Every structure is written in C-alpha cells, then in structure tokens.
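User: Please go through this model with me in short questions and answers. I would like each answer to end on the value or name I ask for.

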Amino acid sequence: MKKIALGCLAAIILSSMVACHDSETYADQKKRERTAIRAFIEEQGINVISEKEFLKDTITNVSKNEFVLFENTGVYMQIVRKGCGEKIKQGETANVLCRFNEYNLLTDSLFLTNNILAYSSYPDKMAVTNTLGTFTATFVSGTMMTAYSTTSVPAGWLIPLSYVNVGRMIEENDELAKVNLIVPHSQGTSYALSNVQPCFYELTYQRGL
C-alpha cells in the first residue's frame with residue numbers, strides 16, 4: 001500500500017509541474033532564481049555569514065538565524081542540530097535515512113515531503129560514500145526517488161555531511177542531525193536543474209542499517 005501511495009503522490013506531483021515560459025532565456029531564469037532567493041532571505045530575516053567565519057567553529061547560531069553561504073555552490077546552510085553519533089568516515093559507505101520538506105521558492109509552497117503520518121516508517125534512504133572528504137550518494141528508496149524517477153541525490157543534500165554527525169538515537173537525550181538549506185537549481189534535483197528552480201529544505205539525517 002505504501003508503494004501504491006507513493007506512486008500516486010509522484011503522479012500528482014509530476015502532473016502539477018509546469019514548464020518554464022518558452023519566452024524566458026536561461027539568463028532570465030537565473031535572474032528570477034536569484035531574486036527569489038534574495039526575497040526569501042529577506043523575508044525570513046536570515047543573517048548570512050561567510051564560509052571563512054563559519055569554519056572557525058562550524059556552527060551557525062540558530063538564535064541569530066545564521067546561514068553560511070558556500071560561494072562555490074551557492075548553497076546556504078543552517079545547522080540546527082549537529083546530531084548524535086559520528087561523521088561518516090573517510091572510505092566508509094553508510095546508509096543514511098532522511099526526513100525532509102522541500103519548498104519551491106518561486107511559488108513559496110511546499111513541493112514535496114515525507115514528513116507525513118502515512119510515511120512515518122518509510123524515510124528516504126540513500127547510500128553515501130566518503131572518498132577523501134568528497135561525498136557521493138544514490139537513493140535506494142523513498143519519496144524523492146519515486147517522485148523524480150531517479151536515484152540521483154541533490155548535491156546540496158551532501159554538503160552538510162562534512163559538518164554533522166550521522167547516528168542513531170540510543171540515549172534519552174540523543175538527537176538526529178538537522179539542517180536547513182537554500183539550494184539553487186545547480187545543486188538540486190533533476191527537475192530543479194531543468195526548470196531553474198531554487199528550493200528550501202528542512203532535512204534530518206539518521207544512520208541506517
């Protein structure tokens with residue numbers, strides 16, 4: 001039943017996707033994306049800090065609503081919780097379970113999520129490998145793979161893995177790593193890439209079996 005429900009969800013999402021206007025050039029679309037990201041940052045009162053400042057302690061102050069901008073990718077990241085456990089080690093491949101909300105910044109709307117009761121036992125699962133500090137991943141199962149018909153993981157989802165722990169909640173006070181991300185189309189899903197769509201993600205990471 002879960003697979004059927006996911007298939008229906010994917011069909012609804014894909015049928016609602018509207019192509020960009022034919023009259024728009026790629027430059028126009030990128031300008032629209034930059035405008036949407038700037039508007040979101042302003043509306044949310046986000047305090048952007050530099051990567052140099054962030055690397056002093058690899059902390060973003062949530063009380064100040066800090067996000068670090070990674071200039072080379074255009075991704076903005078806020079670490080809400082560092083998480084329990086440990087980072088994925090050099091040379092290690094680990095299964096990582098994710099819960100997420102994906103918002104389309106062009107329409108200011110929730111685009112996709114697995115944070116609903118029907119999927120409470122069906123998180124998105126990806127196999128992640130750390131090779132000399134560079135993370136690669138493929139989806140094994142879940143909403144993202146079903147909705148977008150691909151195993152490709154958005155590059156923006158992998159950036160936080162250098163800075164958060166990926167563990168399992170064992171002790172009473174253990175918490176899963178949680179981040180907020182502003183992801184430009186170049187670091188997003190295949191649909192975001194083809195439609196120059198920026199997204200905002202609320203995302204958690206948990207070590208799977």
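User: Is Arg38 buried or exposed?
Analyst: The model is a predicted one, and the values here are computed from it. Arg38 sits in helix H2, which covers residues 26-43. Its relative accessible area is 52%, and the cut-off for the exposed class is over 50%. Therefore Arg38 is classed as exposed.

User: Which residues gather with Arg38 in a patch of positive charge on the surface?
Analyst: Lys and Arg are the residue types counted as positive. The patch that includes Arg38 holds two Lys residues and one further Arg, and it lies on the surface. Besides Arg38, its members are Lys30, Lys31 and Arg34.

User: Which residues is Lys30 in contact with, leaving aside its neighbours within four places in sequence?
Analyst: Lys30 belongs to helix H2 and is partly exposed, with a relative accessible area of 30%. Its C-alpha lies 9.8 Å from that of Asn195, although 165 residues separate the two in sequence. Once the sequence neighbours within four places are set aside, the contacts of Lys30 are His185 and Val196.

User: How many salt bridges does a search of the whole structure find?
Analyst: Side chains of opposite charge can pair when their charged atoms come close. One such pair is Glu24 with Arg32, where the closest N and O atoms are 3.6 Å apart; Arg32 is partly exposed at 28% relative accessibility. Over the whole structure the number of salt bridges is 3.

User: What is the N to O distance in the salt bridge between Glu86 and Lys89?
Analyst: Glu86 is partly exposed, with a relative accessible area of 40%. Lys89 is also partly exposed, at 47%. Their side chains meet in a salt bridge with an N to O distance of 3.5 Å.

User: How many residues apart are Arg207 and Glu92?
Analyst: Arg207 forms a salt bridge with Glu92, and the closest N and O atoms are 2.8 Å apart. The pair links distant parts of the chain: Arg207 is in strand S9 (residues 199-207), while Glu92 is in the loop between strand S3 (75-81) and strand S4 (93-104). The separation is 115 residues.

User: Is Arg207 buried or exposed?
Analyst: The relative accessibility of Arg207 is 15%. The cut-off for the buried class is under 20%, so Arg207 counts as buried.

User: What is phi of Thr58 near?
Analyst: Most residues other than glycine have a negative phi. Thr58, in the loop between helix H3 (51-54) and strand S2 (66-70), has a positive value. The residue is partly exposed at 22% relative accessibility. Phi of Thr58 is near 50°.

User: Where is Ser149 found?
Analyst: Ser149 is a residue other than glycine with a positive phi, near 55°. It is exposed, with a relative accessible area of 61%. Ser149 is found in the loop between helix H4 (143-148) and helix H5 (155-158).

User: What share of the contacts with a separation of 6 or more comes from residues 24 or more positions apart?
Analyst: The protein has 6 helices and 9 strands. Of its 209 residues, 46% count as buried. Among contacts with a separation of 6 or more, the share from residues 24 or more positions apart is 62%.

User: What part of the exposed area do carbon and sulfur atoms supply?
Analyst: The protein exposes about 10800 Å². Of this area, carbon and sulfur atoms supply 54%.

Note on methods:
Residues are numbered from 1 along each chain as its sequence is written. This is a predicted model: local features need pLDDT of at least 70, side-chain atom pairs count only at pLDDT 80 or more; totals for chains, interfaces and linings use all residues. Side-chain values use heavy atoms; hydrogens and water are left out. Helices (H or I, at least four residues) and strands (E, at least two) are DSSP runs, numbered from the N terminus. Buried means under 20% relative accessible area, exposed over 50%, partly exposed in between (1.4 Å probe, protein chains only). Contact means heavy atoms within 4.5 Å. Accessible areas come from the Shrake-Rupley method with a 1.4 Å probe; for residues, only the protein chains shown count as cover. Patches are made of residues with over 30% relative accessible area and no salt bridge: like charges are joined within 9 Å, nonpolar side chains (Val, Leu, Ile, Met, Phe, Trp, Tyr) within 5 Å. A salt bridge is a side-chain nitrogen of Lys or Arg within 4 Å of a carboxyl oxygen of Asp or Glu. The place of a charge is taken as NZ of Lys, CZ of Arg, CG of Asp or CD of Glu.
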